[in-house]
Amino acid sequence: MKIIYAKDYESMSRNAANIISAQVIINPKSVLGLATGSSPLGVYKQLIDWYNKGDIDFSSAYSVNLDEYVGLDSSSDQSYAYFMEQNFFKYINFQKDHTFVPNGKNLDAQNECARYNKIISDLGGIDLQLLGIGHNGHIGFNEPGAAFEKETHQIQLAPDTIEANARFFEKSEDVPQKAYTMGIKNIMNAKKILVIASGLAKADILYEAVFGAIRPSVPATILQLHNDVTIVADADALSTIIAKVPNAIERLPK
Ligand code: GLP
């Protein structure tokens, strides 16, 4: 795993956006695995900025999002489809039928998950998967205990994830209890993985993800087995790693 130090959220976002931008420039038909949450917002902003300057073109690229709440679709402002539209897609030039998010309104879980897996495989898999990390080590919505061999499936959200995501809803009772998520297998099949993390609240879990024993109770630990993972994190998110294993980090300031 390559760990890149960024001094703050802005610098993390710029570094991560650089990696995505390079991917799309080298292969304009790239399939990007995209994520939601607070972590990638700055990355999307930076990419929009470069798009506006004419430095990046998404017209031949594809995107598949990691997850979606069951019961919500793009007409709901809490859905991940809406998040992607409002924070990224509407500002850049992906072709409409080149972007995919699981359909939360399809309540037939088996049908929806099979449909989504087929989309990913018909696209030839994911070239670069962007990932945030949950406080409990979840990736996508693969909660602690997630089976490593699963593809897209329906999950029950963990109580602490509902609590963490309640900030986007009026009250925590409004947070859907279920979601569709790409499985660990879809994520691990991506050719490259880019993990971003910011803030002190991620410091311990990031250390655990990189150096902890690989186990389903901390899903992000599986990333240790992928051969092309880059972590871009800010000083706060890296503070536990810096304290315990300073040599693990590239470009640590003197
Ligand atoms: C959600 C998403 C994850 C995301 C995580 C962390 O639960 N399903 O994909 O990585 O939150 O979010 P944040 O970046 O806001 O800390």
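Trainee: What makes Arg-14 and Ala-17 contacts of Gln-46?

Mentor: Contact means heavy atoms within 4.5 Å. Leaving aside neighbours within four places in sequence, Gln-46 is in contact with Arg-14 and Ala-17. This is a predicted model: local features need pLDDT of at least 70, side-chain atom pairs count only at pLDDT 80 or more, and totals for chains, interfaces and linings use all residues. Residues are numbered from 1 along each chain as its sequence is written, and side-chain values use heavy atoms, with hydrogens and water left out.

Trainee: Why is Gln-46 called buried or exposed?

Mentor: Its relative accessible area is 15%. Buried means under 20%, exposed over 50%, partly exposed in between (1.4 Å probe, protein chains only). So Gln-46 is buried. Gln-46 lies in helix 2 (residues 41-52); helices are DSSP runs of H or I with at least four residues, strands runs of E with at least two, numbered from the N terminus.

Trainee: How do you know that strand 3 and strand 5 pair?

Mentor: Two strands pair if DSSP finds at least two bridges between them. Strand 3 (residues 62-65) and strand 5 have 2 bridges, in the parallel sense. Val-64 stands opposite Phe-100 in strand 5.

Trainee: Why is one side of strand 4 left without a neighbour in the sheet?

Mentor: The open sheet runs in the order 4-8-7, with antiparallel pairing. Strand 4 (67-69) stands at an edge with a single partner strand, so one side has no neighbour in the sheet; strand 7 (153-156) is likewise at an edge. Strand 4 pairs with strand 8 (residues 178-181) over 3 bridges. There, Asp-67 has Thr-181 as its bridge partner.
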